Amino acid sequence: MDNESGVTRDRHYGYAEWNGKQFTVIDTGGYVEGSEDIFEGEIRKQVKEALGEANVILFMVDCHTGLHGLDQDFANVVRELKKPVLIVANKADNTEKMYMANEFYQLGISDQIFPVASVNGSGTGDLLDEVVNHFEDEPEDEEENTVPRIAIVGRPNVGKSSFLNALLGKDRSIVTNIAGTTRDALDTRYNLFEKDFILTDTAGIRKKAKVKEDIEFYSVLRAIQALQNSDVCIVVLDAQNGLEAQDLNIINLAHKYRKGCVIMVNKWDLWQKDTNSAAEYQKHIAEKLGPLSYIPVVFTSVMNKQRIFKTIELALQVAENIKLKIPTSQLNLKIGKEIENYPPPSVRGKHIKIKYITQLSTKAPTFAFFCNHPKDIREAYERFLLNKVREHFGFEGVPVKLVFKQK
Ligand code: GDP
C-alpha cells in the first residue's frame, strides 16, 4: 500500500484558487485500514484529523476498477464526519465509464458524483465550482487590533520544542506512551516586551524511519494549519541542513497566503564560523528565496539561548509591518519621484503614465498604481516599483502586492 501510494507522496498539498476563492488542497495519501501496526493506527487517526479540518471532502474513486472494498471502509469513516462530501469519479474518460460512476451512489455518503478524467482535466471545472460553493465568504477585515499570532513551523528536529521551552522557561513537552506520536498544535499566549502575542507550536511530530514520508506529511499538514491561523510564521531551520525543499514550500505558501515570515537558522552553535559566515549563509538563503528574499533571517542557538528573544521581537515587528498604512501623499511623493527618474518603458510606441498610487485597505499591504495602460506594465518594472516601495517604507518580512488599474 505504502509503496503504491508512494507515487503521489512527493506532493501532498497545494494552494489553489478558483473563482477568486483561495484554498488548500490536502491529499491524505494512502488510507490504510486494518493494519496491525500501532503506528498505522496513529496515522489513521491523523488522516481522520486531516478530514476533520476540511471544509469539503473529495472522495476519490476509480471508474476503471469500480466499487472497491476499501471504498466502503473509507466511506464509513467519512460518513461519521457529517461534512459535505463530493465523490470524484476519476478515469471517467468515456461515456460508458461516466455512466458506471453512478454505482458509487451506493456508498451512501453523497448524492453528488463528479466524473472527471485527471489525464485531460475534463469535469474538473464543475467540480471546483461546487467545491468553492462550500466556502464561506472571507469576513471583511476583522478587528484590526487583535493579538498577533505567530506560528512556529519547521522540519522535525530543528529545535522548535526547545525554542518554545526556552521561551517558556520550563519544559512543556508532552510525551505520549507511543514513540513517534504527535500531539496537537498548542497555542500559548505570551506577554513579552510589554506585548501580547500568541504562539502556535507545531512541534511534536517525531521521526520514525519506517513512515518517514507520513511524518513529513503530517508535519506539513500541521504547518499549513498553523500558518493559515497566524499572522506571522517563524520557519525554523537546522543550520547544518540549510533551507530545504519542504521549507521553501512552506515559505511559498506563507507568501501566497500573504502572511509575514521570519527564517530562524537554529543550531548556529554547531556551524563552523569564520568572520563572514553569517553574511555568507544569509546570501545563500537569499539566492534560494529569490523574490521572497524580503524575509529576514536570524541566526540562533536555542541551546545557548542566543537571539531567541530577538527572533520573537523580529516576528512581532513583522506583525506590525503587516499593518502599516502609508499615506497616499507620502506614496505619491516618494514613489512618484522614483517613477519620474525612471519612467515605465513605452510599449509599442505607447507612452505609459502612472498617475497616482494608493494603498488599498486589504489586510496585507497592497498598492494600487493607476495608469493609462495597466496591462503594459512589464514584470521588470513592477519589480522595480516593489523594490522602491520596500526601500522607502520598510515592510520587512511582509508580502507586498502591487496592482495596476486603469485610470
Ligand atoms: P523539534 O522536533 O523541531 O521540536 O526539535 P527539538 O526541540 O526536539 O530539538 C531536536 C534536537 O536538537 C534536540 O536534541 C535538541 O536538544 C537539539 N537542539 C535544539 N536547539 C539546538 C541548538 O540551538 N543547538 C544545538 N546544538 N542543539 C539544539
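How many helices and strands does the protein have? There are twelve helices and 14 strands, and the model you are looking at is a predicted one. Of the 407 residues, 32% are buried. If you take the contacts with a separation of 6 or more, 72% of them join residues 24 or more positions apart. Let's walk through a few parts of the chain.

**Around strand S9**

Start with strand S9, residues 232-238. Seven of its seven residues are buried, so S9 is largely enclosed by the rest of the structure. In a regular strand the side chains alternate between the two faces of the sheet. Here Val232, Ile234, Val236 and Asp238 point one way, while Cys233, Val235 and Leu237 point the other way, and all are buried.

Who pairs with S9? One partner is strand S6 (residues 149-154), which runs parallel to S9 over five bridges. Within that pairing, Gly154 stands opposite Val236. S10 is also parallel to S9, and seven bridges join the two. There, Ile234 has Val262 in S10 as its bridge partner. To get from S9 to S10 the chain passes through H8, and this β-α-β crossover is right-handed.

Helix H8 has twelve residues and reaches 16 Å from its first C-alpha to its last, close to the 16 Å expected at 1.5 Å a residue. Its buried residues are Asp247, Ile250, Ile251, Leu253, Ala254 and His255. An α-helix has 3.6 residues a turn, so residues three or four places apart point the same way. You can look for that pattern among the buried residues of H8, which include Asp247, Ile250 and Ile251.

**Around strands S3 and S4**

Now move to strand S3 (residues 57-62), where the two faces are not alike in burial. Ile57, Phe59 and Val61 point to one face and are buried, while Leu58, Met60 and Asp62 point to the other and are not. S3 pairs with S4 in the parallel sense over six bridges, and Leu58 stands opposite Leu86 in S4. Together, S3, H3 and S4 make a right-handed β-α-β unit. The buried residues of the helix in this unit, H3, are Asp71, Phe74, Ala75 and Val78.

**Three loop residues**

Both H3 and H8 are followed by a residue with a positive phi: Lys82 comes after H3, and Arg258 comes after H8. Lys82 has a phi near 50° and is not a glycine. Arg258 is not a glycine either, and its phi is about 60°.

A third loop residue, Asp27, belongs to a stretch picked out by a record. UniProt, in an unreviewed entry, places the feature "binding site" at Asp27, Thr28, Gly29, Gly30, Tyr31, Asn90, Lys91, Ala92 and Asp93. Here is where the three residues sit and how crowded their surroundings are.

| Residue | Loop between | Other C-beta atoms within 10 Å | Exposure |
|---|---|---|---|
| Lys82 | helix H3 (69-81) and strand S4 (85-90) | 7 C-beta atoms | exposed |
| Arg258 | helix H8 (245-256) and strand S10 (260-266) | 18 C-beta atoms | partly exposed |
| Asp27 | strand S2 (21-26) and helix H2 (38-53) | 15 C-beta atoms | partly exposed |

Why is Lys82 called exposed? Lys82 has 7 other C-beta atoms within 10 Å, and a residue counts as exposed if that number is 12 or fewer. Arg258, with 18, is partly exposed, because a residue needs 20 or more to be buried.

**The sheet S12-S13-S14**

Our last stop is an open sheet of three strands in the order S12-S13-S14, with mixed pairing. Strand S12 (354-359) and strand S14 (401-406) stand at the edges with a single partner strand each, so one side of each is left without a neighbour in the sheet. Neighbouring strands of this sheet are turned by 25° against each other on average, direction ignored.

S12 and S13 (residues 366-371) pair in the antiparallel sense over five bridges. In this pairing, Tyr356 has Phe370 in S13 as its bridge partner.

Lys355 is also found in S12. Is Lys355 buried or exposed? With 12 C-beta neighbours inside 10 Å, Lys355 counts as exposed. Leaving out residues up to four places away in sequence, Lys355 touches Phe370, Cys371 and Lys407. Compare that with Phe114, which is 241 residues from Lys355 along the chain: their C-alpha atoms are separated by 48 Å.

Definitions and conventions. Residues are numbered from 1 along each chain as its sequence is written. This is a predicted model: local features need pLDDT of at least 70, side-chain atom pairs count only at pLDDT 80 or more; totals for chains, interfaces and linings use all residues. Helices (H or I, at least four residues) and strands (E, at least two) are DSSP runs, numbered from the N terminus. UniProt positions are given in the numbering used here, feature names are shortened, and annotations may be inferred rather than shown by experiment. The expected span of a helix is 1.5 Å times one less than its number of residues. Two strands pair if DSSP finds at least two bridges between them. Axes are lines fitted to C-alpha atoms, for helices over the stretch in contact, and angles run from 0 to 180 degrees between N-to-C directions. Two residues are in contact if their C-beta atoms, placed from the backbone, lie within 7 Å. A crossover is right-handed if, with the strands pointing away from the viewer, the path from the first strand over the helix to the second runs clockwise.
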